[in-house]
Amino acid sequence: MPDRKRKPERETPHKDNLCKTCGRPFAWKKQWERDWDIVKYCSDNCRGYQSGEKDAALEAAILELLAERGRDQTICPSEAAKNVGGEETRRDWEGLMEPARAAAHRLAGVGKVAITQHGQVVDPATAKGPIRLQLR
């Protein structure tokens, strides 16, 4: 019987994964080559983040601030972080910025708020840089 010829290995497509914590897509990296199918988080910060009562407080603060401002007005996620964390020093609220953006992403996912940049509604998963939040 002849020897079997081995099939050449095929490249598997490297689809973008979605981070389990922040919901943003992240691209394939060479360092994740062997584990790409099981990579769940885009960064060490997202991997170590544990949701808690601050998340619900941030979502409530975002909706409350937007309700106070009115339908056509926007807020920055930092305003919700300052509302929950306190405004005495920057250190009080600065650690809540990423959770505030994640809360905004969750609210945009259920259709309660719209995420805007330069006055235009953008996709929450691809928004990078400063964002503003507006009621839908």
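The following exercises, with worked solutions, concern strand β4 and the residues Thr116 and Asn17.

The model is predicted, so that local features require pLDDT of at least 70 and side-chain atom pairs count only at pLDDT 80 or more, whereas totals for chains, interfaces and linings use all residues. Residues are numbered from 1 along each chain as its sequence is written, and side-chain values use heavy atoms, with hydrogens and water left out.

**Exercise 1. Determine which strands pair with β4, and in which sense.**

Step 1. Strands are DSSP runs (E, at least two residues; helices are H or I, at least four), numbered from the N terminus. Strand β4 comprises residues 113-117.

Step 2. Pairing requires that DSSP find at least two bridges between two strands. Strand β6 (residues 132-135) is antiparallel to β4 and joined to β4 by four bridges. Within this pair, Gln134 of β6 lies opposite Ala114.

Step 3. Strand β5 (residues 120-121) also pairs with β4 in the antiparallel sense, over two bridges. Here Gln117 has Gln120 as its bridge partner.

Step 4. Two residues separate β4 from β5 in a hairpin, and His118 in the turn has a positive phi of about 55°.

**Exercise 2. Establish whether Thr116 is buried or exposed, and which residues it touches.**

Step 1. Buried denotes under 20% relative accessible area, exposed over 50%, and partly exposed in between (1.4 Å probe, protein chains only). Thr116 has 4% relative accessibility and therefore counts as buried.

Step 2. The strand as a whole agrees: five of the five residues of β4 are buried. Ala114 and Thr116 point one way from β4, while Val113, Ile115 and Gln117 point the other way, and all are buried.

Step 3. A contact means heavy atoms within 4.5 Å. Leaving aside residues up to four places away in sequence, Thr116 touches Thr74, Val121, Val122, Ile131, Arg132 and Gln134.

**Exercise 3. Describe the surroundings of Asn17 and identify the backbone oxygens that its side chain reaches.**

Step 1. Asn17 belongs to strand β1 (residues 17-18). With a relative accessible area of 17%, Asn17 is buried.

Step 2. Residues up to four places away in sequence are again not counted; Asn17 then touches Arg24, Pro25, Phe26, Trp36 and Val39.

Step 3. The side chain of Asn17 reaches the backbone oxygen of Trp36 at 3.3 Å and that of Val39 at 3.2 Å.

Step 4. Gln31 is 14 residues from Asn17 along the chain, and their C-alpha atoms are separated by 15 Å.

Note on methods
Polar contact = N/O pair within 3.5 Å; in protein donor to acceptor, adjacent residues only side chain to side chain.
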